[in-house]
Amino acid sequence: MCYDTPKTGCKCTGVGRSTFEGARRATFVNYFPNEKEGAFGNIILQNGAFTSIGFVLSFYVPCTKRNTYCIDFKEGDVHNTLVLEIAIIAAAVFAIIGYLRASNLYSPPQE
């Protein structure tokens with residue numbers, strides 16, 4: 001439904017991303033109320049690091065023949081998507097571990 005046309009695909013992606021980004025930023029602010037600059041700097045660092053890793057992997061991981069994980073892109077190159085999929089799963093696992101670790105460190109103020 002969301003990807004029937006490019007316009008609806010972009011709208012659905014934007015809604016999903018804004019929901020995720022808003023909740024993530026709110027969580028960082030709640031967990032680090034006295035260190036907001038550091039918390040938002042950490043978000044930027046994480047975004048930049050994983051974007052850079054994904055960029056490098058997309059161009060420099062060799063793929064010589066077409067198979068299940070080596071697919072053609074529009075420009076005619078063959079890219080290895082398995083490595084990118086593993087990197088995405090690893091980032092998700094690290095995010096969950098980091099969230100659980102931060103939850104253990106965070107104690108809400110006592111009233």
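The chain contains 3 helices and 2 strands, and in this predicted model these elements follow one another along the sequence in the pattern α-α-β-β-α. Of the 111 residues that make up the chain, 14% count as buried. The accessible surface of the chain comes to about 8900 Å², and carbon and sulfur atoms account for 66% of that surface. When the contacts in the chain with a separation of 6 or more are considered, 22% of them are accounted for by residues 24 or more positions apart.

Helix H2, which covers residues 36–60, was examined for its length and for the burial of its residues. The 25 residues of H2 should span 36 Å at 1.5 Å a residue, and because the C-alpha atoms at the two ends of H2 are 36 Å apart, the expected and the computed values agree. Within H2, the residues Ala39, Ile43 and Ser58 are buried. In an α-helix there are 3.6 residues a turn, so residues that are three or four places apart point the same way.

The loop that follows H2 and leads to strand S1 (70–72) includes Pro62. With a relative accessible area of 63%, Pro62 is exposed, because a residue counts as exposed when this value is over 50%. Although Pro62 and Val78 are 16 residues apart along the chain, their C-alpha atoms are separated by 8.7 Å.

A second residue, Leu82, has its place in helix H3, which comprises residues 81–105. The relative accessible area of Leu82 is 32%, a value that lies between the limits of 20% and 50%, and Leu82 is therefore described as partly exposed. The C-alpha atom of Leu82 is separated by 8.8 Å from that of Thr68, a residue 14 positions away along the chain.

The largest pocket of the model has a volume of about 930 Å³. It is lined by 26 residues, of which Arg24, Gln46, Phe50, Ala91 and Ala95 are the closest to its centre. Helix H1 (6–31), helix H2 and helix H3 each supply at least two residues of this lining, and H3 gives the most, with 10 residues. Sorted by class, the lining of the largest pocket consists of 16 nonpolar, 7 polar and 3 charged residues.

Terms used:
Residues are numbered from 1 along each chain as its sequence is written. This is a predicted model: local features need pLDDT of at least 70, side-chain atom pairs count only at pLDDT 80 or more; totals for chains, interfaces and linings use all residues. Side-chain values use heavy atoms; hydrogens and water are left out. Helices (H or I, at least four residues) and strands (E, at least two) are DSSP runs, numbered from the N terminus. Buried means under 20% relative accessible area, exposed over 50%, partly exposed in between (1.4 Å probe, protein chains only). Contact means heavy atoms within 4.5 Å. Accessible areas come from the Shrake-Rupley method with a 1.4 Å probe; for residues, only the protein chains shown count as cover. On a 1 Å grid over the protein atoms alone, a cavity is a set of points where a 1.4 Å probe fits but cannot get out, and a pocket is an open set with protein on both sides within 12 Å along at least five of seven lines; lining residues have an atom within 4 Å of a point. Grid points are joined across faces, edges and corners, and a volume is the space filled by probe spheres set on the points. Ala, Val, Leu, Ile, Met, Phe, Trp, Tyr, Cys and Pro count as nonpolar, Asp, Glu, Lys and Arg as charged, and the others, Gly among them, as polar. The expected span of a helix is 1.5 Å times one less than its number of residues.
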